[in-house]
Every structure is written in C-alpha cells, then in structure tokens.
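Here is a short briefing for a reader with the model open. Please look at the structure first, then work through the topics below.

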Amino acid sequence: MKNKKILFPIVLALLVGSAIPYLPITGSDDSEPAWATGHGDVETLKRIYDRWKANYEASGGDRILTIPLAYSKALSGEFSRARGRMRLDLFDGWLTVEVKGLDAGDYAVWLIDNKTGWPRATAKDKGNNQLNLGQLELAADGKRVLKTRLDGLGMSGFTLDLVAITRGDREPEKGGVLYGTPSFMQRLYYGDKPWTVTRVGNVSEIQLANAAKPFEFLLPKIAHARVNGIDQALGNKTKKKKESDLDAVLGAQIARGREIFVNETFRGNGRTCATCHRPDNNHTIDPKYILKLPKTDPLFVAEYNPALRNLEKPELLRQFGLVLSNVDGFDRPGVMRGVPHTLALATSIGTELLEDGGEFAEDAQFANAVGWSGDGAPGDGSLRLFTQGAIAQHMTRTLKRVPGVDFRLATDEELDALEAYLLSLGRSEDLVLADLKFTSPLVERGKQLFDTKENPVDANGKPIFGQTANCNGCHENAGANSSTTKKNPTRDTGVENMRDQPARLVDASVPYDGGFGKEAHHARTDCGPDYDQPCYGDGRFNTPSLIEAADTAPFFHNNSVSTIEEAVAYYTTDAFNLSPGSLTSSGKNRQVKLDSSQVVAVAMFLRTLNALENIRSSNRLDQQALALGDKNATEVIRLAAADTKDAIEVLTEGVLIVYPEAVSYLRQALKLERKAASGRAWGQRNELLARAIQLKEKARDSMVTRPEEGISVAAAGHAPSRERKK
C-alpha cells in the first residue's frame with residue numbers, strides 16, 4: 001500500500017501563491033496564540049512526546065545519552081558500511097564510542113558545536129566549534145573503541161550538535177566517515193528542565209539523584225517561543241504554566257517546520273519538500289495531480305535544466321508518479337519509487353528487531369524505519385536526518401551533489417522544526433477496530449476478514465481459505481505495526497516479482513528494487529517474476545498504514561496498481577502466496593485466497609476507515625481556521641475542503657455506494673467550506689464552518705455506530721484514556 005513514509009523533501013507553490021506564514025496569530029481572547037500549522041497538530045505532537053519521554057526514561061535514557069553513528073549520504077567524505085554508537089553518562093561525563101566494520105587505518109572521534117553552521121564558514125572558526133577527543137583503539141572483539149571523561153567546566157558553552165568519526169587526523173568536513181546527532185525528542189527533553197555546568201567529580205551520587213545531571217548542558221535545546229511578547233521557556237514552576245509553554249514551543253516549531261517544508265529550496269534547483277509531498281494532496285503526488293501542473297513546476301526540473309537531465313526519468317514521473325532514488329548509493333543505479341505520504345509517521349517508524357544477531361539484526365542499526373524499504377535515511381537512519389539525504393538526492397543543482405555548491409545542508413534549527421512538523425501530521429494513535437461497528441454489512445464483513453489473523457484448518461490440519469484476508473498480522477488495527485512485535489515490520493511480500501510492472505513495460509532498463517539493505521553482501525539474483533534478475537537488498541519493504549491508503553493511490557513502492565481493490569487482490573496472487581511474507585517467522589501459513597466479492601468487502605472497509613480519517617482531519621482544520629480569526633484562515637479552510645473532497649472520493653470511487661447518506665452530508669459540507677474560503681461570505685465564515693463541521697459529524701455517525709466510545713478513536717484519531725480490549 002502507499003506508504004506513509006517519508007520523504008523526498010521537494011517543493012511547491014501551494015494553494016496560495018505567497019509564502020506560508022508561521023508567526024502566531026492572537027486568538028479571540030487575546031490570551032493564547034493560534035498557530036497557522038496547517039495539517040500539523042500541537043496535541044498530536046504532545047502525545048507523541050509524552051509517549052517517547054516515558055519510554056526514554058524507562059530505558060535509562062535520562063542518564064545515558066546514546067547517539068547512533070553511521071554513514072551520511074550528505075555529510076560523509078567516503079562511503080562506509082561501518083556503524084557504531086556514542087554513549088555519554090550525563091552524571092559523571094564518561095563518554096564511550098564503539099564502532100564496528102571500519103576499514104583498516106586510524107580514526108578519530110570529534111564533537112561538533114554548530115555555533116556558526118557546519119561545515120565551518122571560515123578557517124578562524126577552528127577549535128571554536130569542534131573538539132577532537134582522540135583516536136579509536138582496536139579492541140579484542142574487532143570493534144574500535146574510545147573511552148574518555150569529559151571536563152564539564154572546560155566545556156562550558158559547548159553544545160553537542162554532531163558526533164563525527166574521521167579518518168586519521170582529518171577534520172570532519174574533510175575526512176568525515178560516520179556521523180550522528182541528538183534527535184529532536186532528545187533536544188526537547190533536555191530543554192524541559194534547568195541545567196547547570198558542573199566540574200567532574202564534585203557532586204555526590206545522592207545529590208545527583210535529586211538534581212539536574214551535570215552534563216545536560218551539552219545537549220542542544222529546542223528554541224524558546226515568544227508568547228504575547230514575553231520569552232517563555234520550558235520548565236516553569238506550575239504545571240499549568242509549563243503545559244502552556246510546551247504548547248507554545250511545539251506550536252512555534254510545527255509552524256516553522258511547515259514554512260520550511262513548503263518554501264525552503266536549500267539553495268538548490270528550486271524544489272522544496274512540498275514539491276512532491278503536496279499538503280493539498282495528502283502530502284504526496286500521483287499521476288492525476290501531476291497532470292494539472294504547469295511545465296515550469298520545479299517537479300519537472302529534469303526536463304528543462306540540461307544539468308539535471310538524468311535527475312529523473314520524466315516519462316515515468318508523468319505517467320506513474322515515480323521518482324528516481326539512489327537508495328543503494330550514488331555509485332549504483334537508482335530505483336524508481338512512488339512518493340510516500342507523510343501522514344501518521346509517529347505511528348509507523350518504530351524499527352522492528354525480530355531476533356538478536358540473526359537475519360534482522362541490521363534493523364536495530366536504524367533509529368527509525370523510514371522510506372519504502374525502512375532504511376531510507378542517511379547517518380543514524382533517523383527521521384531527523386532524512387532531510388539531509390533528500391536534499392542531496394532531489395534538490396541538487398548538478399549531479400555532482402557537492403554540499404555548499406549544489407545545495408546547502410539544513411541547519412539544526414531547520415531539522416528540529418521539520419521533524420516537529422512531520423511528526424505532528426495526521427494521527428498520533430492507531431484505531432481500536434474491536435470498538436468499531438459499521439452500519440454497512442459489507443463493510444462489517446470486510447472488517448472481519450481483515451481482522452481475522454489465522455487461517456482456520458480442517459480435520460487434517462490443512463488451511464481453510466476464504467475465511468480471512470490475514471491482514472491483521474502485519475497491519476494491527478489497520479495501522480503499520482506488527483501485531484506480534486508492535487513495531488513497523490519489514491517483509492518480502494513478493495511485489496518485485498509481479499509480472500508486467502507498468503514502469504518496466506514503458507522502460508525495460510529500470511532496475512529491480514531489492515528493498516532493505518544496500519551493502520555488497522546483499523546483492524541478489526532472485527528479483528523479478530522469474531527470480532533471475534539482480535538487485536540490491538534482501539527483498540524486504542516496510543509496512544505502511546492502511547488507514548490513509550485509499551486516497552493515496554497508486555499503491556506499493558513501485559506504484560504498480562491503481563486502486564485499493566487491486567491492491568487487496570494482489571494478496572491472492574502467486575507473487576504474494578509464494579513469497580516469504582506469506583509465512584510467519586514460526587512458519588504459520590498466512591496465504592490469502594479470497595473471492596472477488598470478499599476483495600470488495602475488504603477494500604470498502606479500508607475506504608470507510610480512510611473517509612473517517614478524512615473527516616477527523618477536515619474538522620480539525622476547520623476548527624483551526626475558526627481559532628485563527630484572520631485571512632490566513634483561508635488557506636487552512638482550503639486544506640479542510642481538500643480532506644472533505646477526499647472523503648467523498650474514497651466513498652464513491654469504488655463504484656458501490658454503501659453510504660449514500662454520508663456522501664450527501666459530505667457534499668453539503670464541502671459546498672459550505674468552499675463558500676467560506678471564497679471570501680464572498682467573509683462575515684458568515686464562522687457560521688459556515690460550524691455548519692460544515694456538524695454535517696461531517698452526521699456523515700461519520702451514519703457510517704459507524706458508537707456502542708461505547710469506539711467512534712471517539714476514529715473521530716479524534718487518538719486512543720481514549722480508559723483501557724481497551726485487545
């Protein structure tokens with residue numbers, strides 16, 4: 001299915017021609033600012049942060065700061081398969097770096113402070129923003145290790161923005177091999193308390209248990225926001241005030257991230273993130289959308305800029321919405337992939353590790369599961385650093401891709417804001433399907449087929465097909481996580497073995513896509529319908545959320561099918577049923593054999609879930625527009641109308657119309673939203689939006705009953721506070 005995953009940061013001229021504002025607009029009561037965040041939602045990001053914080057502290061992260069280290073497509077001076085981590089004890093300053101897989105030679109560890117931007121702007125910055133900690137030593141187990149104790153007083157004023165492993169005594173910008181950086185959540189967490197500068201060894205363990213950790217000062221902090229003209233920082237005395245400040249900080253970050261996402265070209269070829277991830281098109285693009293764009297749109301830069309004629313394959317971009325991605329390195333052929341949407345990312349980027357030291361051990365080396373194959377980010381594999389790789393891939397002025405010449409790298413401030421915006425998009429929780437009962441018998445049957453995990457067996461132990469679609473195992477509650485591991489599964493479901501893939505019929509030179517992994521030992525010769533074509537990777541692709549699927553066609557990583565019905569039907573084919581993904585890790589049979597009527601039932605169930613999510617998102621945008629109280633609300637209303645239109649389309653494009661009453665309500669609401677956005681009825685705007693919200697709620701209630709609070713999950717996109725049955 002169309003993956004929610006990230007990100008080919010690329011560009012747009014959005015619904016309005018001007019730059020997107022991100023400054024706060026004072027609400028009607030003049031007490032709290034209303035941020036123009038578009039699809040970004042402060043409450044969503046707060047829930048995500050609270051969840052992350054609880055897990056972080058439970059795993060000891062509040063004492064030991066861990067930063068993964070890996071090759072960065074944007075920063076590294078040479079390719080390396082090596083990976084490692086830096087661990088810093090924030091109590092006593094002991095810092096340990098461990099790396100495995102480095103080639104022969106000497107390597108140094110550097111800490112970098114981005115005071116003036118990095119790489120350094122001038123030679124006079126030397127020593128001011130980077131610190132050489134010494135050489136890695138070869139250990140008995142083959143790892144390279146450095147252990148040292150930092151001097152807190154001596155590092156006063158230093159902020160740890162980057163960790164670099166360099167070859168020999170070269171400085172990071174000249175000989176960097178591996179890089180790592182504190183995450184957005186870590187930056188937010190360590191800004192959520194006072195910090196002090198303390199000399200190593202002068203605080204007792206008892207004191208430390210009740211005080212700020214001495215080395216917290218090293219961690220970069222999320223910038224403070226201005227609320228009603230007063231600087232507000234996190235960590236105020238009262239809980240109410242602190243929560244208000246957190247809202248302000250997150251609101252400012254989301255709004256700033258949205259402005260960057262839509263407008264920032266990073267001094268490249270004119271593209272921005274929104275060039276491919278269009279906010280008015282579910283943060284993705286598709287052939288129908290592309291057909292409406294002018295020839296001068298930056299999406300088509302490979303057609304009119306001779307220096308970039310090989311940046312894309314224009315025929316495949318226009319016909320199938322496929323972009324060229326060098327996921328296996330710029331020294332290897334690029335593969336053609338669709339543009340994944342960026343909705344509900346927080347629910348879908350948890351990296352799954354099935355067995356320690358086994359086949360899937362490499363997964364643990366990635367901070368997040370991003371990109372179609374789950375390994376799409378440079379460096380530590382985090383959502384934060386995905387932007388740097390995407391800038392180098394898609395925004396470059398020439399195919400030499402020289403940082404500082406063909407593009408500029410994103411700053412730490414920009415990376416923070418972009419990550420905040422991306423994490424705030426869409427839902428923060430998965431649904432609880434057991435709590436939802438649909439008014440349509442067809443949809444209810446689709447839910448049963450979807451949610452039944454195992455094939456029943458006959459008296460001889462043979463599976464009885466036609467009783468389940470076996471979707472729940474990899475898409476628990478129609479999300480992107482395994483029902484067993486609760487993380488984002490990466491599976492070989494045989495998609496690259498489909499015959500007559502549309503893109504390959506047009507251009508037979510398109511390489512087969514091996515999915516997860518890019519190293520030489522992953523090179524395979526079993527891709528393609530006859531299992532005889534070379535590709536890089538082990539065949540696995542990550543699992544997308546299905547709640548947003550119906551209106552983000554085409555489907556799969558190669559955009560090979562056009563409708564949700566075709567995507568469901570794929571799982572009844574030999575390509576899937578003969579793939580490793582048709583069996584569980586313990587060998588249980590997950591093959592699928594459905595009648596055509598059952599395919600329609602499952603697809604209509606997914607269409608209904610998508611429409612409910614469209615209604616939730618559209619109503620939230622209308623409510624944001626009401627709070628803005630300014631002409632900037634017009635753009636937000638248009639985004640709400642786009643979501644309402646999507647709800648209508650997903651309920652009507654399947655030919656069968658099982659919710660005619662809901663469609664009627666939605667069409668009425670859409671007319672009101674368009675009128676409110678037109679400016680012709682500006683004085684009635686609030687009344688029009690209130691009526692539109694009510695109509696969409698009626699549409700929702702006509703599709704699904706709420707015997708308890710089940711619909712509160714579908715309507716709000718968040719799990720209720722009480723315990724739910726599994």
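Between which two elements does the loop that holds Asn 477 lie? Asn 477 sits in the loop between α11 (441-451) and β17 (490-491). The model is a predicted one. The protein has 19 helices and 21 strands. Of its 726 residues, 59% count as buried.

**Overall picture**

- The accessible surface of the protein is about 28,900 Å². Carbon and sulfur atoms hold 50% of that surface.
- Take the contacts in the protein with a separation of 6 or more: residues 24 or more positions apart account for 68% of them.

**The loop between α11 and β17**

- Asn 477 has a phi near 55°, a positive value in a residue other than glycine.
- Lys 486 is found in the loop between α11 and β17. Its phi is near 65°, again positive in a residue other than glycine.
- Most residues other than glycine have a negative phi.
- Is Lys 486 buried, exposed or partly exposed? Lys 486 counts as partly exposed because its relative accessibility is 46%, which falls between the cut-offs of 20% and 50%.
- Cys 471 also has its place in the loop between α11 and β17. Cys 471 counts as buried, because its relative accessibility is 16% and the limit for buried is under 20%.
- Cys 471 and Ser 482 are 11 residues apart in sequence. Their C-alpha atoms are 10.0 Å apart in space.

**Helix α11**

- Which residues of α11 are buried? They are Val 443, Glu 444, Gly 446, Lys 447, Leu 449 and Phe 450.
- The buried residues of α11 pack against two elements, β16 (437-438) and α15.

**A cis peptide bond**

- Ala 553 and Pro 554 are joined by a cis peptide bond, with omega about 0°.
- Most peptide bonds are trans.
- Pro 554 lies in the loop between β20 (541-542) and α13 (564-570).

**Thr 181 and its surroundings**

- Thr 181 has its place in the loop between β11 (176-180) and α3 (184-189).
- Why does Thr 181 count as buried? Its relative accessibility is 3%, and buried means under 20%.
- The side chain of Thr 181 reaches the backbone oxygen of Asp 161 at 2.8 Å.
- A polar contact of 3.0 Å links the side chain of Thr 181 to that of Arg 187.
- Asp 161 and Arg 187 also appear among the contacts of Thr 181 when its neighbours within four places in sequence are left aside. The others in that list are Ile 67, Leu 162, Asp 380, Arg 384 and Leu 385.

**Helices α1 and α5**

- Lys 46 lies in helix α1 (residues 42-58). Lys 46 is buried, because its relative accessible area is 15% and the limit is under 20%.
- Not counting residues up to four places away in sequence, Lys 46 touches Leu 246, Asp 247 and Leu 250.
- Ala 248 is placed in helix α5 (residues 239-263). Ala 248 is buried too, with a relative accessible area of 5%.
- How far apart in space are Ala 248 and Val 42, which are 206 residues apart in sequence? The distance is 8.8 Å, C-alpha to C-alpha.

**Cavities**

- Rolling a probe the size of a water molecule over the atoms shows where empty space is left.
- A search of the whole structure finds 6 cavities of 30 Å³ or more.
- The second largest cavity holds about 160 Å³ of space. It is lined by 17 residues, and the closest to its centre are His 39, Leu 343, Glu 613, Ser 617 and Asp 643.
- Which helix gives the largest share of the lining of the second largest cavity? Helix α15 (residues 596-628) does, with 6 residues.
- By class, the lining of the second largest cavity has 8 polar, 7 charged and 2 nonpolar residues.

Terms used
Residues numbered from 1 in each chain as written. Predicted model: local features only at pLDDT ≥ 70, side-chain atom pairs only at ≥ 80, totals over all residues. Heavy atoms only, no water. Helix = DSSP H or I, 4+ residues; strand = E, 2+ residues; numbered from the N terminus. Buried < 20%, exposed > 50% of the residue type's maximum accessible area, 1.4 Å probe, protein only. 1 Å grid on protein atoms, 1.4 Å probe; cavity = no way out; pocket = protein on both sides within 12 Å on 5 of 7 lines; lining within 4 Å. Points joined across faces, edges and corners; volume = space filled by probe spheres on them. Nonpolar A, V, L, I, M, F, W, Y, C, P; charged D, E, K, R; others polar. Contact = heavy atoms within 4.5 Å. Areas by Shrake-Rupley, 256 points an atom, 1.4 Å probe, with all protein chains shown as cover. Polar contact = N/O pair within 3.5 Å; in protein donor to acceptor, adjacent residues only side chain to side chain.
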